[in-house]
Amino acid sequence: MKVLVSLVVCLVLTLKLCQAQRDSETSEPQGPRASCANWMGGLPGYPGHNGVPGRDGRDGKDGDKGESGAQGEHGQKGDQGEVGVTGVEGARGPAGTPGLKGERGESSLTYQSAFSVGLASKDPPPNMPIKFTKIFYNEQKHYDETTGKFLCVIPGTYYFTYHLTVYLKDVKVSLYKSGKAIMFTYDQFQISNLDQASGSVLLHLKAGEEIWLQVFGEGAYNGIYADNINDSTFTGFLLYPDMGPD
């Protein structure tokens with residue numbers, strides 16, 4: 001209760017002092033103490049804490065385009081790259097202009113030499129030319145059926161081949177070139193069965209050289225056979241004539 005009374009007394013005194021101050025302001029110039037409130041002001045407070053940072057502002061507008069810089073120096077040449085994938089084949093181009101007609105060549109009819117003959121009987125004798133007397137082709141007559149030999153008239157490269165029916169005995173034959181055996185063919189007879197023996201060769205011949213087939217050895221190897229339904233044949237023809245001097 002005493003505290004309350006003291007507070008009331010202080011309040012009344014304060015009001016009176018303020019009233020007296022206002023009265024003096026109306027009659028005298030204002031002194032250093034401008035007002036009751038200023039005269040009764042407390043000490044300055046402490047600075048407050050920093051506030052929360054504000055949000056980022058919007059981006060500004062793009063500036064004007066700058067001038068182009070000076071051209072730089074050329075760099076060093078780089079390594080060659082890998083080969084790329086093969087592209088799709090292009091469309092076929094138009095046909096070219098035909099070339100000029102070539103000079104007339106030498107007629108091939110001038111260089112013809114060929115024969116194809118067959119055996120007319122079985123068991124030709126050994127160690128001598130086999131005489132093929134069944135003529136299939138011998139237009140140039142370069143094969144002599146009386147001797148069983150082919151005579152080279154046109155020098156060049158020739159192809160010779162023979163196909164022999166084998167029956168009753170073994171067969172061993174050789175191809176001769178001017179008295180020298182060039183190649184051999186052997187076939188062993190199988191009982192109760194027809195067999196075949198064959199051979200072929202390319203040879204270069206000079207004019208005047210001869211070619212023939214011959215049973216090699218004794219009569220035990222002359223099982224070459226021929227009848228009206230089985231043939232044994234010997235064939236040869238010119239492939240390339242020699243164009244230069246012999």
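Visitor: Is Phe115 buried or exposed, and what is its relative accessible area?

Guide: Keep in mind that this is a predicted model. Buried means under 20% relative accessible area. Phe115 falls under that cut-off, so it counts as buried, with a relative accessible area of 2%.

Visitor: How many aromatic pairs does a search of the whole structure find?

Guide: The search takes in the whole structure, and the number of aromatic pairs it finds is 14.
One of these is the pair of Phe115 and Phe150, with 5.1 Å centre to centre and 25° between the planes. Planes under 30 degrees apart count as stacked, so the name for this pair is stacked.

Visitor: Why does the pair of Phe115 and Phe150 tie together parts that are apart in sequence?

Guide: Look at where the two rings sit: Phe115 is in strand 1 (residues 114-118), while Phe150 is in strand 4 (residues 149-151). Phe150 is buried too, with a relative accessible area of 1%. Because the partners lie in those two strands, the pair ties together parts whose separation in sequence is 35 residues.

Visitor: And what kind of aromatic pair do Phe115 and Phe234 form?

Guide: Here the centres are 5.2 Å apart and the angle between the planes is 75°. This pair links distant parts of the chain, with Phe115 in strand 1 and Phe234 in strand 10, 119 residues apart. Phe234 counts as buried, at 0% relative accessibility. Planes over 60 degrees apart make a pair edge-to-face, and so Phe115 and Phe234 are edge-to-face.

Visitor: Which residues form one aromatic cluster?

Guide: Both partners of Phe115 that we just met, Phe150 and Phe234, belong to it. The full cluster is Phe115, Phe132, Tyr143, Phe150, Tyr158, Phe160 and Phe234.

Visitor: Where is the place of Phe132?

Guide: Phe132 counts as buried, at 1% relative accessibility. Leaving out residues up to four places away in sequence, it touches residues including Tyr143, Ser232 and Phe234. As for its place, Phe132 is in the loop between strand 1 and strand 2 (134-137).

Visitor: What does the side chain of Ser232 reach at 2.7 Å?

Guide: Ser232 is found in the loop between strand 9 (222-225) and strand 10 (233-241). At 0% relative accessibility, Ser232 counts as buried. Beyond its neighbours within four places in sequence, its contacts include Phe132, His163 and Tyr225. What its side chain reaches at 2.7 Å is the backbone oxygen of Tyr225.

Definitions and conventions. Residues are numbered from 1 along each chain as its sequence is written. This is a predicted model: local features need pLDDT of at least 70, side-chain atom pairs count only at pLDDT 80 or more; totals for chains, interfaces and linings use all residues. Side-chain values use heavy atoms; hydrogens and water are left out. Helices (H or I, at least four residues) and strands (E, at least two) are DSSP runs, numbered from the N terminus. Buried means under 20% relative accessible area, exposed over 50%, partly exposed in between (1.4 Å probe, protein chains only). A polar contact is a pair of N or O atoms within 3.5 Å; within protein, one must be able to donate a hydrogen and the other to accept it, and residues adjacent in sequence count only if both atoms are side-chain atoms. Contact means heavy atoms within 4.5 Å. Rings of Phe, Tyr and Trp (its six-membered ring) pair if their centres lie within 6.5 Å; planes under 30 degrees apart count as stacked, over 60 as edge-to-face and the rest as tilted.
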